[in-house]
Amino acid sequence: MIPYNIYLTIPKVFSKTRFLFNGKYYDQIDGVAMGSPLGPTLANLFMGHHERHWLEEFAQINGNILFYRRYVDDIFAVFESESDAMNFLEFLNKQHPCIKFTCEPNVDSQLPFLDIHISNANKISTTLFRKKTYTGLLTNFFSYTAENYKIGLIKNLLFRAYAINNSWNGFHTEIMRIKKILQQNSFPIHVIDRTIKTFLNKVCKPPVVSNDTDSNGAKVNRYFKLPFRGKHSGLVRKKLLELSDKYCKESLIKIVFTSLKLGSYLSPKDPIPVEHRSHVVYKYTCPGCNARYIGETTRHIKVRSHEHFYKEQEPSAIYLHLRENINCYNKRDFQAFNIIDHGSSWFNLRLKESFHIGWDNPQLNKQVKHEKITLSV
């Protein structure tokens, strides 16, 4: 066996994050961008690396901690005495200038940790913890949302109660509380009872081994996302599943409906200037002759439009058109570029670009090659 040294290199995209606020651009000089999907992972790597050394160092000075567990930035620890806990808190706050800890001791042998209320009166018991500010506001049963989301909400509450409560008495008490909260959110009692019965039958009975496989083994689940459109969504789901059973024997089709979110219309962030938008499908309309061109880019639209006008290496159709028509060249204008669509990936952009070219039939687009793709199987 040959040993290897593994090094973690943090690229500049993590160390220098640029953001827009109040019409001005800023560079973040410390930490990771808030909302970045890599933020929690990097924070956990950082804490996991340092806390291992901190615990070893503290154990050499003051002795071992009876119990220590951390979840992201919440720590649950058990000590012999309160003075040991304060010593550990003081020790931690000296380890890093940018990390500060606070301590919440137990009161009457009870302590909340995340969603768990831990009691050690006679024996250790765990129940569900809710803050005093909890109002019980959930998705209303009559909201414009797919029904499986509403049933999924009930199942989520039941599973949470089942996983946290360590006694059947506490679990029963929590079910009664869940029923009351759901009824306050307009959930019919027969829907609640039916879902509870199904859940209890599932957790109280041994799992059944599924034989839903073909000759090559287990079927492959394929998920498709569609916008929710009321009762029409149910009809679409039924038709798609019928087609799947008929033509896709090797796959199990799963339809997921997305709900309308107000966040898609209202955002606290500053809007990105048009010239700095990326992952777009754009249209160029020549001011001189009204000839059109449709393209896509994953970079800023300003960068791509500049290349169409001035880049001589690998000249585009727009560049060649302007060089062949002096009148069009003299009237060229960056305002002639308009964003007509967006895409989350390169594949998505190419697909949308081809659709728009087929619909608009622009004069400057010439197909020189094509790629064979599979939409769904």
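In what order do the 3 strands of the open sheet that contains β5 stand? In this predicted model, the order is β5-β6-β7, and the pairing is antiparallel. Strands β5 and β7 are found at the edges of the sheet, where each has a single partner strand, so one side of each is left without a neighbour in the sheet. On average, neighbouring strands of this sheet are turned by 25° against each other, with direction ignored.

The contacts between these strands can be followed residue by residue. Strand β5 (residues 110-113) is joined to strand β6 (residues 116-119) by 4 bridges, and one residue pair across the two strands is P112 with its bridge partner H117 in β6. The two strands form a hairpin with 2 residues between them. In the turn of this hairpin, L114 has a positive phi of about 60°. On the other side, β6 pairs with β7 over 4 bridges, again in the antiparallel sense. Here the bridge partner of H117 is T127 in β7. H117 is thus bridged to P112 in β5 and to T127 in β7.

In a regular strand the side chains alternate between the two faces of the sheet. Strand β5 shows this pattern: L111 and F113 point to one face and are buried, whereas Q110 and P112 point to the other face and are not buried.

A further open sheet is built from 3 strands in the order β13-β12-β14, with antiparallel pairing. Its edge strands are β13 (292-297) and β14 (337-342), each of which pairs on one side only. The twist from one strand to the next averages 25°. Helix α8 (residues 301-310) packs on this sheet and touches β12, β13 and β14; the direction of the helix makes about 40° with that of β12. Helix α11 (residues 346-360) also lies across β12, β13 and β14, and runs at about 170° to β13. Within the sheet, β12 (residues 280-285) and β14 run antiparallel and are joined by 5 bridges. Across this pair of strands, V280 stands opposite H342 in β14.

The largest nonpolar core has 16 residues, of which I154, L158, I178, L182 and F187 touch the most other members. The elements that give two or more residues to this core are α4 (147-164), α5 (168-184) and α6 (189-204). Helix α4 gives the most, with 6 residues. A second, separate core holds 14 residues, including Y284, Y293, C328 and L364.

Helix α5 was examined further. This helix has 17 residues and reaches 25 Å from its first C-alpha to its last, close to the 24 Å expected at 1.5 Å a residue. Its buried residues are G170, F171, E174, I175, I178, K179, I181 and L182. Among the elements that cover them are β7 (125-128), α4 and α6. One of these buried residues, I178, is in contact with R130, L157, L158 and A161, leaving aside its neighbours within four places in sequence. Helix α5 is followed by S186, which has a positive phi near 70°.

The structure holds 12 salt bridges. One of them joins the side chains of R70 and E51, at 3.0 Å from N to O. This pair links distant parts of the chain, as R70 lies in strand β3 (residues 67-71) and E51 in helix α2 (residues 39-62), 19 residues apart. E51 has a relative accessibility of 13% and therefore counts as buried.

Another salt bridge is formed by the side chains of R299 and E307, at 2.8 Å from N to O. With a relative accessibility of 37%, R299 counts as partly exposed, whereas E307, at 16%, counts as buried. Salt bridges that share partners also join R130, E174 and R177 into one network. E174 is one of the buried residues of α5.

The side chains of E90 and K94 meet in a salt bridge as well, at 3.5 Å from N to O. E90 is partly exposed, with a relative accessible area of 46%. K94 has a relative accessible area of 64% and is exposed, because the cut-off for exposed residues is over 50%.

Conventions. Residues numbered from 1 in each chain as written. Predicted model: local features only at pLDDT ≥ 70, side-chain atom pairs only at ≥ 80, totals over all residues. Heavy atoms only, no water. Pairing = 2+ DSSP bridges. Axes fitted to C-alpha atoms, helices over the stretch in contact; angles between N-to-C directions. Contact = heavy atoms within 4.5 Å. Core = buried A, V, L, I, M, F, W, Y, C linked by side-chain atoms within 4.5 Å. Buried < 20%, exposed > 50% of the residue type's maximum accessible area, 1.4 Å probe, protein only. Expected span 1.5 Å × (residues − 1). Salt bridge = Lys/Arg side-chain N within 4 Å of Asp/Glu carboxyl O.
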